[in-house]
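Here's a quick briefing to read alongside the structure. Have the 3D view open and follow along as we go.

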Amino acid sequence: MSLSKETYRNPNQCSPGYMNPEMLTRRIKLWDINAHITCRLCEGYLIDATTVTECLHTFCRSCLVKYLEENNTCPTCRIVIHQSHPLQYIGHDRTMQDIVYKLVPGLQEAEMKKQREFYQRLGLEVPGDAKGELCNTKLHLDGQHNGDVKPEDGANKESPEDKQEEDNDYHRSDEQVSICLECNSSKLRGLKRKWIRCSAQATVLHLKKFIAKKLNLTSFNELDILCNEEILGKDHTLKFVVVTRWRFKKSPLLLHYRPKMDLL
Ligand SMILES: [Zn+2]
Ligand SMILES: [Zn+2]
């Protein structure tokens with residue numbers, strides 16, 4: 001494949017000592033990192049990269065969704081994603097998709113072209129995101145929507161064991177994540193203390209409940225929480241959010257909240 005001759009310059013690879021401009025970048029053959037940016041199911045480059053919340057393995061969205069129609073385990077590590085609703089425990093991985101598009105020359109353009117042709121062939125209007133924008137927002141929003149169809153799952157997720165565990169040390173020994181919660185709507189007030197630290201196992205739903213309580217809202221359902229201007233699914237753990245949206249950024253993880261808006 002001709003793509004393998006392409007190289008990747010890592011601008012962060014600094015050399016200690018003297019500053020030879022040649023030393024500031026390190027060339028890596030695309031071939032060497034291919035394994036990390038390809039989908040195990042189709043063996044192509046990741047398209048609409050989608051990550052399993054539980055084990056953080058990544059696949060193309062369409063490959064994974066199709067696979068999970070017949071299975072409930074991760075194709076890579078075989079962990080059970082969820083007994084009955086595995087599709088609710090996978091999420092769009094923007095960081096990974098951005099990396100893949102940056103590393104593989106022409107891939108994004110080719111994918112957008114394919115999508116445009118697909119819609120045109122069916123005589124459908126080309127969605128805004130296939131007109132040449134980054135990432136496939138439509139599929140992503142559909143994913144979010146799926147998450148909303150069965151609210152009982154996330155809302156009553158506390159099994160007896162979870163409860164027990166919580167009673168022991170309130171997740172203080174978990175990996176912790178630092179968050180800054182900013183309000184980005186004039187209709188809600190800001191939090192008095194917007195910097196918080198909590199377990200990386202906490203979910204977006206937990207944060208919604210926390211904010212709703214602090215602001216005396218009648219329901220946490222009135223809120224959306226966003227990261228990089230993208231609405232977060234309520235079942236995502238903060239660990240998942242950090243890994244897929246904040247991997248190369250400085251702590252704290254910056255999240256925004258605002259009144260819920262209908263996506264349709
Ligand atoms: Zn695939
Ligand atoms: Zn896995």
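Let's start with one residue: cysteine 39 is buried, with a relative accessible area of just 1%. Keep in mind that this is a predicted model. Cysteine 39 is also one of the residues that hold a zinc ion (ligand 1), and from there we'll move on to a strand called β8.

**The zinc site**

- Which residues coordinate the zinc ion (ligand 1)? Cys39, Cys42, Cys60 and Cys63 do the job, each through its SG atom, at 2.3 Å.
- The angles between the four donor atoms run from 105 to 115 degrees, so the arrangement around the zinc ion counts as tetrahedral.
- If you look along the sequence, the donor residues follow the spacing C-x2-C-x17-C-x2-C.
- Cysteine 39 and cysteine 63 link distant parts of the chain, as they're 24 residues apart. Cysteine 39 sits in the loop between α1 (30–37) and β3 (49–52), while cysteine 63 belongs to helix α2 (residues 61–70).
- Is cysteine 63 buried or exposed? Its relative accessibility is 18%, and the cut-off for buried is under 20%, so cysteine 63 counts as buried.

**Other cysteine news**

- How many disulfides does a search of the whole structure find? The answer is zero.
- Cysteine 77 is partly exposed, because its relative accessible area of 34% falls between the 20% and 50% cut-offs.

**Strand β8, wrapped up on both sides**

- Strand β8 covers residues 223–227, and five of its five residues are buried, so the rest of the structure largely encloses it.
- Side chains in a regular strand alternate between the two faces of the sheet.
- In β8, Leu223, Ile225 and Cys227 are on one side, with Asp224 and Leu226 on the other. Both faces are covered, and all of these residues are buried.

**Who β8 pairs with**

- β8 runs antiparallel to strand β10 (residues 253–259), and four bridges join the two. What stands opposite leucine 226 in β10? That's histidine 256.
- β8 also pairs with strand β9 (residues 230–231), again in the antiparallel sense, over two bridges. In β9, the residue opposite leucine 226 is isoleucine 231.
- β8 and β9 form a hairpin with two residues between the strands. Have a look at asparagine 228 there, which takes a positive phi near 50 degrees.

Technical notes
Residues are numbered from 1 along each chain as its sequence is written. Chains are lettered from A and ligands numbered from 1 in the order in which they are written. This is a predicted model: local features need pLDDT of at least 70, side-chain atom pairs count only at pLDDT 80 or more; totals for chains, interfaces and linings use all residues. Side-chain values use heavy atoms; hydrogens and water are left out. Donors are N, O and S atoms within 2.8 Å of the metal (3.2 Å for Na, K and Ca); water is not among the atoms, so sites may look incomplete. Four donors count as tetrahedral if all angles lie between 85 and 135 degrees; four count as square planar and six as octahedral if opposite donors are over 155 degrees apart and all others between 65 and 115; anything else is irregular. Buried means under 20% relative accessible area, exposed over 50%, partly exposed in between (1.4 Å probe, protein chains only). Two strands pair if DSSP finds at least two bridges between them. A disulfide is a pair of cysteine sulfur atoms within 2.5 Å.
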